[in-house]
Amino acid sequence: MYKTIIYILISILFTLTSCSENNINKNHIVVSILPQKKIVTRLLPDNYTVTTMVTKGNSPATYSPSPSQIKDINLASLYIQIGNIGFEKAWIERFEELNPKLTIEDSSEGIDFIHGEDYIHGDHVHEGGIEPHIWTSPKTMLKVLLNTKNILQKHYPEINDEIEFNSKPLIDSLLHIDSLYRLDLADLKAKNFLIFHPAYTYLARDYGINQISIEHNGKEPSAKWLQTIINTAKQQNIKSIFVQQEFDKRNAEIIAKELNIKIIEVSPLNENYEKEMKELLDKLKSNI
């Protein structure tokens, strides 16, 4: 019912805005999450506008666009998806209806997705059976970057060379971060880490560590599941819990108190992706 009301309001808003602002801005790009914005902004010249749908402090699984963001969709020429997050599943078709001139591209093409039984084994299931957090591993984020570069070059052939030039330091930076993760995490004796929402499934797979999720099957953990997590943490001598800024910390605090361990805050949706990933590596090395 709530989403139906939102759709109706958005349709009214679209009708009103399209009457007075029906010119598509060719230099206006929309992306789903903040780490994408950083990439697109650095690839393009300054006279291009990049709007993010899922803003700071919000979860991509539950977010709904604001009226001002719908206006951005109405005027944009290009939307670049991250691939499989809940927000996109719920809204992409609606965006196409609102702006038939909007080109929609997917930056997750060619990525080796985690899905099916492999993903359920990680104690969390997303719609469609695909684990969506591809950007949280430097290895898979590199593929997102290359896909994004190709999408922009296709959409803006007139600045192909500039996009190519701007991509080189970004590619070098991600390759460097990838090498740091491969070398530093390979040396860890312990490999298990505890986290509330399983945002680092690709990172765990790509760099040989093991993510244990408090959130169970995409839902708040039951008392029985919390006890299972506590027992597992004791057996494996886990020393900390990683918690994303966008999620309630209460269940993590219960476990932390029971085990007398630290809560480590992480921000996988941080716009400053490179800085966040370097800081995450330090946190993993210090707290696994």
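In the predicted model, Asn260 counts as exposed, at 72% relative accessibility, since the cut-off for that class is over 50%. The place of Asn260 is the loop that links helix H10 (250-259) to E8. The backbone of Asn260 has a positive phi of about 55°, although the residue is not a glycine. Asn237 shows a positive phi of about 55° as well, and Asn237 is not a glycine either. This residue lies in the loop between H9 and E7. With a relative accessible area of 56%, Asn237 is exposed.

The chain as a whole may be described next. Its secondary structure comes to eleven helices and eight strands. Of its 288 residues, 53% count as buried. The accessible surface comes to about 13,800 Å², and carbon and sulfur atoms contribute 51% of that area. Among the contacts in the chain with a separation of 6 or more, 67% are accounted for by residues 24 or more positions apart.

The strands are considered next. Strands of a sheet pair through backbone hydrogen bonds, in either a parallel or an antiparallel manner. One open sheet is formed by four strands in the order E2-E1-E3-E4, with parallel pairing. Strand E2 (49-52) and strand E4 (103-106) stand at the edges and have a single partner strand each, so one side of each is left without a neighbour in the sheet. On average, neighbouring strands of this sheet are turned by 25° against each other, direction ignored. Strand E1 (residues 25-31) pairs with E2 in the parallel sense over four bridges. Within this pairing, Thr49 in E2 is the bridge partner of His28. Helices also lie across these strands. Helix H2 (residues 34-43) lies across E1, E2 and strand E3 (76-81), and runs at about 175° to E2. Helix H4 (residues 86-98) lies across E3 and E4, and its course is at about 155° to E3.

Another open sheet consists of four strands in the order E6-E5-E7-E8, and here too the pairing is parallel. Its edges are occupied by strand E6 (210-213) and strand E8 (262-266); each has a single partner strand, so one side of each is left without a neighbour in the sheet. From one strand to the next, the twist averages 35°. Strand E5 (residues 192-195) is joined to E6 by four bridges, and the two strands run parallel. Phe193 stands opposite Gln211 in E6. Helix H9 (residues 223-235) packs on the sheet and touches E5 and E6; the direction of H9 makes about 145° with that of E6. H11 also packs on the sheet, where it touches E5, strand E7 (240-244) and E8; the direction of H11 makes about 165° with that of E8.

H11 also takes part in a contact between helices. Helix H7 (residues 160-186) and helix H11 (residues 273-287) pack at an angle of about 5°, and their axes are 11 Å apart. The two helices are therefore roughly parallel to each other, as angles under 35 degrees count as roughly parallel. On the side of H7 the contact includes Leu170, Leu174, Ile177 and Tyr181, and on the side of H11 it includes Met277, Leu280, Leu281 and Leu284. By residue class, the contact of H7 with H11 divides into eleven nonpolar, one polar and four charged residues.

H7 has a further helical partner in helix H6 (residues 138-155). The axes of H6 and H7 come within 9 Å and cross at roughly 175°. H6 and H7 are therefore roughly antiparallel to each other, given that angles over 145 degrees fall in that class. Among the residues that make this contact are Pro138, Met141, Leu142 and Leu145 of H6, together with Leu170, Leu174, Ile177 and Tyr181 of H7. The residues of the contact of H6 with H7 comprise 13 nonpolar, three polar and four charged.

One residue of H7 may be singled out. His176 is found in helix H7, and is partly exposed, with a relative accessible area of 42%. His176 and Pro138 are separated by 38 residues in sequence, and their C-alpha atoms are 9.3 Å apart in space.

Notes. Residues numbered from 1 in each chain as written. Predicted model: local features only at pLDDT ≥ 70, side-chain atom pairs only at ≥ 80, totals over all residues. Heavy atoms only, no water. Axes fitted to C-alpha atoms, helices over the stretch in contact; angles between N-to-C directions. Parallel < 35°, antiparallel > 145°, perpendicular 65-115°, else oblique. Contact = heavy atoms within 4.5 Å. Nonpolar A, V, L, I, M, F, W, Y, C, P; charged D, E, K, R; others polar. Pairing = 2+ DSSP bridges. Buried < 20%, exposed > 50% of the residue type's maximum accessible area, 1.4 Å probe, protein only. Areas by Shrake-Rupley, 256 points an atom, 1.4 Å probe, with all protein chains shown as cover.
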